[in-house]
Amino acid sequence: MSNTLDIQERRILIDLNKLTDGEKIEMKKLGILSEDNTITPTVYPSIHEERPPIEKHVVHAPHTINEAYDYEKPSSFSRALRLDFGDYKVLLISGTASVNEEGKPEHIGDFKAQLWRTYFNITNLLEAEGMTWHDVVRTTNYLRDIERDYDEFNKIRTSFYQWMNLDPLPASTGIQARLCWETLLVELEVYAVCKVK
C-alpha cells in the first residue's frame with residue numbers, strides 16, 4: 001500500500017470489513033472502492049482545472065463554540081463558511097445549538113436558555129466575519145417539540161429581534177425535528193449577506 005492510500009484509509013471511519021453488498025456496489029459506482037474492495041486514491045476532479053470551485057473560507061469562533069470535527073466522534077461539517085461574490089460576502093452558518101467551546105451541551109432541559117445560548121453562538125460566528133444580525137437574510141429554526149416550545153421560541157425570537165431593531169425581519173422557516181443529540185431542544189441555521197468594505 002502506498003503512503004497516500006494509508007492516509008486516505010485513516011480518514012475512513014467506516015469498517016470496510018462490515019460493508020453490506022449494497023454499500024459495496026454504491027461505493028464502487030462512486031469510485032471510492034476498487035474491485036478488490038480497497039479504498040482507491042482520491043483524484044481531484046478534472047473539471048476544476050478549467051473551472052475552479054468558488055473559494056470557501058471556514059469561519060471560527062473558538063472562544064464560543066468548538067468545531068464539530070473536534071468531537072470525540074468527529075462530525076464532518078464546518079460551523080460556518082464565507083463565500084465571496086465580488087463586492088458581497090455570504091455567510092452560511094450550519095445548524096447551531098446550545099453547545100459550548102468544549103463541545104458540550106449547555107442548559108440541558110431548559111429550552112429558553114438553550115435558545116439564548118444558540119443566539120449567542122450565532123452572534124459570535126457573525127462577528128467573526130464582521131457581520132451582525134442586521135446582515136441575516138434567512139433562518140431555519142429546528143425545534144425538537146414545536147407544539148410544546150413554539151410559543152416560547154417566538155416570544156424570545158421576537159424580543160431578541162426587537163431589541164436589535166431588525167427591520168425588515170429575516171425570512172424564516174420553523175421545523176419540528178429530532179436533533180443530533182437527545183439533549184438539544186433547538187437548533188438554528190442562518191444565512192447572512194453583506195457588502196465588502
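These exercises work through one helix and one sheet of a predicted model.

**Exercise 1.** Find what span is expected for helix α4 at 1.5 Å a residue, and set the model's value beside it.

*Solution.* Start with the limits: α4 covers residues 111-127, which is 17 residues. The expected span is 24 Å. From first C-alpha to last, the helix reaches 24 Å, close to that expectation.

**Exercise 2.** Is α4 mostly covered or mostly uncovered? Name its partners.

*Solution.* Apply the cut-off first: a residue is buried under 20% relative accessible area. Twelve of the 17 residues of α4 are buried, so the helix is mostly covered. Among them are F111, L115, Y119, I122 and L126. Polar names appear too, including Q114, R117 and N121. Next, look at the partners. The buried residues pack against strands β1, β3, β4 and β6, and against helix α5.

**Exercise 3.** Give the strand order of the open sheet, and explain why β1 and β5 stand at its edges.

*Solution.* The six strands run in the order β1-β2-β3-β6-β4-β5, with mixed pairing. β1 and β5 each have a single partner strand, so one side of each lacks a neighbour in the sheet. Neighbouring strands are turned by 15° against each other on average, direction ignored. Now take the β1 edge. Four bridges join β1 to β2, and the two run antiparallel. One bridge pairs V58 with L81 in β2.

**Exercise 4.** Place α4 and α5 relative to the sheet.

*Solution.* α4 lies across β1, β3, β4 and β6, at about 25° to β6. α5 packs on the sheet and touches β4 and β5. Its direction makes about 155° with that of β4.

Definitions and conventions
Residues numbered from 1 in each chain as written. Predicted model: local features only at pLDDT ≥ 70, side-chain atom pairs only at ≥ 80, totals over all residues. Heavy atoms only, no water. Expected span 1.5 Å × (residues − 1). Buried < 20%, exposed > 50% of the residue type's maximum accessible area, 1.4 Å probe, protein only. Contact = heavy atoms within 4.5 Å. Pairing = 2+ DSSP bridges. Axes fitted to C-alpha atoms, helices over the stretch in contact; angles between N-to-C directions.
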